[in-house]
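Colleague: Please take a close look at the charged side chains in this model. Where do they pair, and what packs around them?

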Amino acid sequence: MAGYKPSVISLTKRQGHTFGFYLRVEHGEEGHLIRCLEMGGPAELAGMKDGGRILRVNGTFVDELSHSEVVDMVRNSGPTVTFHILDEASYVQAKAQEVNLSNPQSTPVANGVSKQDLKPKLCYLVKSSSGYGFSLRSEKSEPGLFMTEVMQGSVADRAGVNVKDRLLEVNGESVEGATHEQVVEKIKLSGGSIMFLLVDEETDRQYQNKKIGAWLATAKHLPHQPRITDITKGPDGYGFLLKEDVNQKCHFLRDIDRGSPAERAGVKEMDRLVAVDGKEVEECNHGQVVDMIRQSGNKCCFLVVDKATDQMYKQGKVSPMLFLEETRDSSSPPSYTEALNLPAPVRPSTPVQAKEEELKPKLCRMEKTPAGYGFHLNGIVGVSGQFIKDVVSGGAADRAGLQEDDMVVEVNGENVEQSSHDEVVALIRSSGSSLEMLLANKSVYDQLKAKGVSITRLLLEETSYAQVHTADTPEEEEKHEEKARPESPPEQERERAKSSSSQDSLDERL
């Protein structure tokens, strides 16, 4: 990309605030545009300019992704995110010259040595009511098992599986040399989720006659990613307790103090600590880990995983350190890698399979505050079903137990699974100052549907509903507002419904 050097800008926002700009797509304009910079906001102060185009989010090239995908990536990054941005004039000129903007250099190099991007890949699939969406092919004339009939938009397709990919491992166990029937049986026995190690044709040729294992793989396709958190010590320390589980040989972060350096850095309750300053701690005892943290001085860098991420990596029998090593080997410019140390980009999450005893919906009741209910109702164009997004921290919905991506089953006792977005919005509006919703976590919803179970209040058994909360003070966050559905795209292009000021543009405040 000679002559077109994007700037690298890292933004951090305070809890309850935004990054101070709008991300837009506009009719007649290419790319993801930066608009409406907030005066004195993080974006303006960091040097963002109106009309600039975002090329990368946390190192992932986004110029060819949809608006909603980029918005999700930014929101899922937590309080800190890093962008690669090209100014408007350079972007327009590069597009006119058909420059490949996805390639930061003609040949990525590290320390003067050319790098190869070809790697096997880890793909994690959570079974839906229609299955995984792929078939396996084996031929006597060609050793190995290959993916075929990968359905567009299926679980397999979204997980990064491609036609002609060769299957190397199932849940961390090699299947090279196994028969077609043996592999099918392994897949059936894995339950509702599975981890594959796959290799495409080009990568397979590169590693010909060499042993391929998960240690060589890219983790970029995985829906859950570890998080790299930089924590600067405050007057009262870091603000968390370190707890060791001797049986599991694991170290967990507990009792995160509100407003502490740990909370501001994005540490969550019961995150498992994988590494301190790049050094794995799995084989260390409690005292050794404490010493490592103390030796870091006033600032340390943690690699942590939440429960879902931990379970996923364990299912594939691969260490989260793979993610850290891949981040270090990033082909992005050195200035970016040095500035990063941030949460990894994540794809829209697919929750890990819930335990059998947890397959229940939840009944949530909330009272409307002056700031509204504190959530957004989203849908997928052309697909039945509405889900919850943008739950305002501390808002009525948050206190009532609503969570991101919860599927809406009932509104005020009326089943809305087959209702349109507008119909559900109308029900919410007509509810007055109080609202009752039967919801299910996306993973629970999919599993119950796969079992053919009707989701009703009868599944609640002895559990009544999430505690009702009434706000005493107005919320600082934005009010609940239903999202207008854009014109329906072709069936093969299903996108989340987005806020839109007109049919010619889409924008999101970030």
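**Charged pairs and their surroundings**

Modeller: E436 counts as buried, at 14% relative accessibility. Buried means under 20% relative accessible area, exposed means over 50%, and partly exposed is in between (1.4 Å probe, protein chains only). This is a predicted model, in which local features need pLDDT of at least 70 and side-chain atom pairs count only at pLDDT 80 or more, while totals for chains, interfaces and linings use all residues. Residues are numbered from 1 along each chain as its sequence is written, and side-chain values use heavy atoms, with hydrogens and water left out.

The partner of E436 is R457: their side chains meet in a salt bridge, 2.7 Å from N to O. This pair links distant parts of the chain, 21 residues apart, with E436 in strand β26 (residues 434–440) and R457 in the loop between α14 (442–450) and β27 (466–469). Helices (H or I, at least four residues) and strands (E, at least two) are DSSP runs, numbered from the N terminus. R457 is partly exposed, at 30% relative accessibility.

Elsewhere, R24, E26, R35 and D50 are joined into one network by salt bridges that share partners. A salt bridge here is a side-chain nitrogen of Lys or Arg within 4 Å of a carboxyl oxygen of Asp or Glu. Within the network, R35 bridges to E26, with the closest N and O atoms 3.0 Å apart. Both R35 and E26 are buried.

The local strands give this pair its setting. β2 (residues 22–26) has four of its five residues buried. It runs antiparallel to β3 (residues 33–35), joined by three bridges. Two strands pair if DSSP finds at least two bridges between them. Y22 stands opposite R35 in β3. Six residues lie between the strands of this hairpin, where G28 takes a positive phi near 85°.

Next, R166 and D204. Their side chains form a salt bridge of 2.8 Å, N to O. Again distant parts of the chain are linked: R166 is in strand β12 (residues 166–170) and D204 in helix α6 (residues 201–206), 38 residues apart. R166 and D204 are both buried. A search of the whole structure finds 24 salt bridges.

R227 deserves its own look. It lies in strand β15 (residues 227–232). With a relative accessible area of 16%, R227 is buried. Its side chain joins that of D271 in a polar contact of 2.3 Å. The side chain of R227 also reaches the backbone oxygen of G266, at 3.1 Å. A polar contact is a pair of N or O atoms within 3.5 Å; within protein, one must be able to donate a hydrogen and the other to accept it, and residues adjacent in sequence count only if both atoms are side-chain atoms. Not counting residues up to four places away in sequence, R227 touches G266, V267, K268, D271, F302, L303, V304 and D306. Contact means heavy atoms within 4.5 Å.

L303 leads into the nonpolar packing. The largest nonpolar core has 26 residues, of which L122, L222, L303 and Y313 touch the most other members. At least two residues each come from β9 (121–126), β14 (193–199), β18 (271–276), β20 (299–305), α9 (307–315) and α10 (321–328). α10 gives the most, with four. Such a core is a set of buried Ala, Val, Leu, Ile, Met, Phe, Trp, Tyr and Cys residues joined through side-chain atoms within 4.5 Å. Leaving aside neighbours within four places in sequence, L122 contacts residues including M195, F196, L197, L222 and L322.

β18 and β20 also help to cover the buried residues of α8, along with β16 (241–245), β17 (250–254) and β19 (279–280). In α8 (residues 286–295), V289, V290, M292 and I293 are buried. Seen down the axis of α8, its buried residues fall within an arc of 155°, so they line one face of the helix. The arc is that of the directions from the helix axis to the C-beta atoms. On the other side of α8, R294 and Q295 are exposed. N285 caps the N-terminal end of α8, with a side-chain oxygen 3.1 Å from the backbone nitrogen of G287. Just after α8, G297 takes a positive phi of about 85°.

For scale, the chain has 14 helices and 28 strands. Of its 510 residues, 48% count as buried.
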